[in-house]
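Open the model in your viewer and show side chains as sticks. The stops below go from one surface patch to a loop residue and then to a second patch.

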Amino acid sequence: GLRAYSSECHPSLDVLETDRAAEITVDVSGMPAEALRVLFRSGVLLVAGEKAPVPVAADQTFHLIEREFGRFARAVRLNGAFDVQNARARLRDGELTIVLPKLKERRGRGHRIPIA
């Protein structure tokens, strides 16, 4: 059957960094939100999910199969400190966009030391 085509799926992604946040957009067309998981742990953003194959009827023959399906996991290493509590993800038109706000860097800012 068509299971031979079911390899790992490799959705493409973009990582954009601004002064305020890191923004990751993953192409997850055909996947509902409940088939996706987003996790941030020790500097790595992990996006995992599963895209179900198109059901095939007995009288159908595919002539070309280019769209991947199956499980996937993409990991993105991010440098810096992020406000994970206020991170958000949204799914629109087949794109999963994750926004991780940056924490204000405390290093490099002058810290006044009181004189007793």
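Select Val54, Val56 and Phe62: together they make a nonpolar surface patch of about 240 Å². The model is a predicted one, so treat what you see at each stop as computed.

Keep Val56 selected. Val56 sits in the loop that links strand 4 and strand 5. Its relative accessibility is 37%, so Val56 counts as partly exposed; the exposed class begins over 50%.

Next, select Glu68. Glu68 is in the loop between strand 4 (44–51) and strand 5 (70–77). Is Glu68 buried or exposed, or something in between? With a relative accessible area of 35%, Glu68 is partly exposed.

Now show what surrounds Glu68. Which residues is Glu68 in contact with, once neighbours within four places in sequence are left aside? They are Glu8, Cys9, His10 and Lys51. Then add Ala52 and draw a distance between C-alpha atoms: Glu68 and Ala52 are 16 residues apart along the chain, and their C-alpha atoms are separated by 9.4 Å.

For the last stop, select Asp14, Asp27, Asp93 and Glu95. These residues gather on the surface as a patch of negative charge. Within this patch, centre on Asp93, which is found in the loop between strand 6 (88–92) and strand 7 (95–101). Asp93 has 82% relative accessibility and therefore counts as exposed, the cut-off for that class being over 50%.

Note on methods:
Residues numbered from 1 in each chain as written. Predicted model: local features only at pLDDT ≥ 70, side-chain atom pairs only at ≥ 80, totals over all residues. Heavy atoms only, no water. Patch = residues over 30% accessible without salt bridge, like charges linked within 9 Å, V, L, I, M, F, W, Y side chains within 5 Å. Areas by Shrake-Rupley, 256 points an atom, 1.4 Å probe, with all protein chains shown as cover. Salt bridge = Lys/Arg side-chain N within 4 Å of Asp/Glu carboxyl O. Lys, Arg positive; Asp, Glu negative; His and termini not counted. Charge placed at Lys NZ, Arg CZ, Asp CG, Glu CD. Helix = DSSP H or I, 4+ residues; strand = E, 2+ residues; numbered from the N terminus. Buried < 20%, exposed > 50% of the residue type's maximum accessible area, 1.4 Å probe, protein only. Contact = heavy atoms within 4.5 Å.
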